[in-house]
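Me: Please take a close look at one helix in this model. I want its packing partners and its place beside the ligand.

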Amino acid sequence: MLLKDKVAVITGGAGLNGLGFASARMLAAQGARVAILDLAGANPAGAAAELGPQHIGVVADVTDKASCEAAAQEVLRRLGRIDILLNNAGITQPRKTLDITAADYDAVLDVSLRGTLYMSQAVVPAMQAQKSGSIVCISSVSAQRGGGILGGPHYSAAKAGVLGLARAMAREYGADNIRVNSLTPGLIATDINKGKIPEDRRAGILEQIPLGRIGDPDDVAGCVVFLASDLSKYLTGVTLDVNGGMLIH
Ligand code: NAD
């Protein structure tokens with residue numbers, strides 16, 4: 001077991017078909033106790049119950065600083081510590097540059113970028129006190145290649161912002177033995193893109209992926225376990241591409 005006695009917090013982890021829940025399941029299989037944070041409507045307690053009684057669900061909106069602080073405090077009270085944070089919550093919108101409204105911009109940047117900052121701020125003090133921690137931030141190939149498959153330019157910007165934030169936090173908190181790393185998934189089959197890839201684009205998309213298939217959530221979850229665990233204990237500030245070779249650079 002790679003994560004015995006560790007506590008992991010996962011934002012946006014309640015969707016049973018999502019990257020967060022797949023990661024929760026794999027972290028739990030390695031011995032971690034998991035706190036699934038998500039919006040009330042997503043039922044984080046229900047998702048945690050699917051994992052087993054030692055795991056908890058906490059309602060939290062990552063765009064709200066007080067909500068992030070309260071969630072971190074609840075995890076500390078109920079599970080005793082926080083060793084791992086997976087900044088996973090994110091939303092996307094298909095938009096062209098000229099169509100992005102102020103509300104669109106706020107919605108997309110607030111969940112991915114502001115949320116990553118607020119949730120990291122909420123857990124860092126506990127990690128500093130114990131002189132250890134691993135923060136994993138979910139960015140996207142869209143940040144690296146200027147647009148993915150579905151998200152608009154504001155989504156690319158939000159996810160590129162996540163990379164900058166993660167690298168800067170890695171530099172700042174290395175002395176506290178807190179590692180901060182990012183994952184840049186390519187196209188992974190989850191609810192975020194379900195039914196949204198037109199059939200006539202599918203073959204063209206697959207042609208761009210050397211491994212010849214769309215990813216599944218466990219492809220990302222395995223990398224989350226690697227970055228969360230001591231297997232990667234000399235890694236901080238890295239960006240790990242999980243894209244089947246869609247972008248090689
Ligand atoms: P998903 O829609 O299943 O997961 C997103 C989760 O975030 C949902 O559970 C949702 O309720 C939650 N969420 C939304 N707003 C929130 C808020 N304000 N506070 C807390 N939780 C909130 O989709 P997914 O594909 O599993 O996405 C997970 C992450 O991976 C996202 O950041 C997404 O941008 C990123 N990503 C996905 C892909 C892909 O192809 N699926 C590729 C690259 C990056």
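The helix I mean is α4, residues 102-130.

Reply: Here is the close look, starting with the ground rules. The model is predicted, so to speak of local features takes pLDDT of at least 70 and side-chain atom pairs count only at pLDDT 80 or more, while totals for chains, interfaces and linings use all residues. Residues are numbered from 1 along each chain as its sequence is written.

First, the setting. An unreviewed UniProt entry annotates residues 6-208 as "domain: Ketoreductase"; positions follow the numbering used here, feature names are shortened, and such annotations may be inferred rather than shown by experiment. Over residues 6-208 the chain is 48% helix and 16% strand. The end C-alpha atoms of that stretch are 38 Å apart. Helices (H or I, at least four residues) and strands (E, at least two) are DSSP runs, numbered from the N terminus.

Now the ligand. Its shell holds 30 residues, counted if the C-beta atom, placed from the backbone, lies within 6 Å. The closest are Gly12, Gly18, Gly90, Thr190 and Ile192. Two elements give two or more residues to this shell: α1 (19-29) and α4. By class, the shell has 14 nonpolar, 13 polar and three charged residues. Here Ala, Val, Leu, Ile, Met, Phe, Trp, Tyr, Cys and Pro count as nonpolar, Asp, Glu, Lys and Arg as charged, and the others, Gly among them, as polar.

One partner of α4 is α6 (residues 153-173). Their axes come within 8 Å and cross at roughly 15°; axes are lines fitted to C-alpha atoms over the stretch in contact, with angles from 0 to 180 degrees between N-to-C directions. That makes α4 roughly parallel to α6, the term for angles under 35 degrees. The crossing is right-handed, with the near helix turned clockwise from the far one by less than a right angle. On α4, the contact includes Asp104, Tyr105, Leu109, Leu113 and Val124. On α6, it includes Tyr155, Lys159, Val162, Leu165 and Tyr173. Contact means C-beta atoms, placed from the backbone, within 7 Å. This contact has 12 nonpolar, five polar and two charged residues.

Another partner is α3 (residues 65-79). The axes of α3 and α4 come within 8 Å and cross at roughly 35°. This crossing is right-handed too. Lys65, Cys68, Glu69, Ala71, Ala72 and Leu76 of α3 meet Tyr118, Met119, Ala122, Val123 and Ala126 of α4. The count by class is nine nonpolar, no polar and two charged.

In short, α4 packs against α6 and α3, and also contributes to the ligand shell.

Methods. Parallel < 35°, antiparallel > 145°, perpendicular 65-115°, else oblique. Contact = placed C-beta atoms within 7 Å.
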